[in-house]
Amino acid sequence: MGFKTAKLFLAFGAKVLAYARHEREEVKELGIKYVNLDTLLSESDIISVHTPANAETNGLISAEKIAKMKPSAILINCARGPIVDNQALAKALNEDKLAGIIRANGSPKSIV
């Protein structure tokens, strides 16, 4: 899903950065640059999360990580499970430290 989303952003002329535990050649061949998570968060205008929920990804987008994002950034959460700290996310939104969020994961839980 993340690869298809990246291809869609490329079609609109966006510069696409990626973070993953395992780099894929087909991603690099499209000109997508792999960076560490902190770089991706601090440099991106739109951050789309597509990661499976497991012990390693639980809390991946924490308050500390949200603080690294641009105040003008938009977070698209396509992941399921407790990957994003919803309380920290709501706080960032309420304090205008993040421009917005799109929840595309089907979860009915409110964040605000």
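Let's start with the sheet: three strands line up in the order β3-β4-β5, pairing in parallel, and the sheet is open. Keep in mind that this is a predicted model. Besides the sheet, we'll look at helix α1, which covers residues 2–11.

**The sheet**
- The edges are formed by β3 (46–49) and β5 (100–103), and each of these strands has a pairing partner on one side only.
- On average, neighbouring strands here are turned by 15° against each other, if you ignore direction.
- As a bit of background, strands in a sheet pair up through backbone hydrogen bonds, and they can do that in a parallel or an antiparallel way.

**Zooming in on β3 and β4**
- Strand β4 takes in residues 74–77, and 4 bridges join this strand to β3.
- The two strands run parallel.
- If you want a spot to look at, find Val 49: this residue stands opposite Asn 77 in β4.

**Helix α1 and its two sides**
- Phe 3, Thr 5 and Ala 6 are the buried residues to look for in α1.
- Look down the axis of α1 and these buried residues fall within an arc of 160°, so they line one face of the helix.
- Flip to the other side of α1 and you'll find Lys 4 and Ala 11, which are exposed.

**What α1 packs against, and what follows**
- The buried residues of α1 pack against α2 (25–29) and also against β3, the edge strand we met in the sheet.
- After α1 comes Gly 13, which has a positive phi, near 85°.

Terms used: Residues are numbered from 1 along each chain as its sequence is written. This is a predicted model: local features need pLDDT of at least 70, side-chain atom pairs count only at pLDDT 80 or more; totals for chains, interfaces and linings use all residues. Side-chain values use heavy atoms; hydrogens and water are left out. Two strands pair if DSSP finds at least two bridges between them. Helices (H or I, at least four residues) and strands (E, at least two) are DSSP runs, numbered from the N terminus. Axes are lines fitted to C-alpha atoms, for helices over the stretch in contact, and angles run from 0 to 180 degrees between N-to-C directions. Buried means under 20% relative accessible area, exposed over 50%, partly exposed in between (1.4 Å probe, protein chains only). The arc is that of the directions from the helix axis to the C-beta atoms. Contact means heavy atoms within 4.5 Å.
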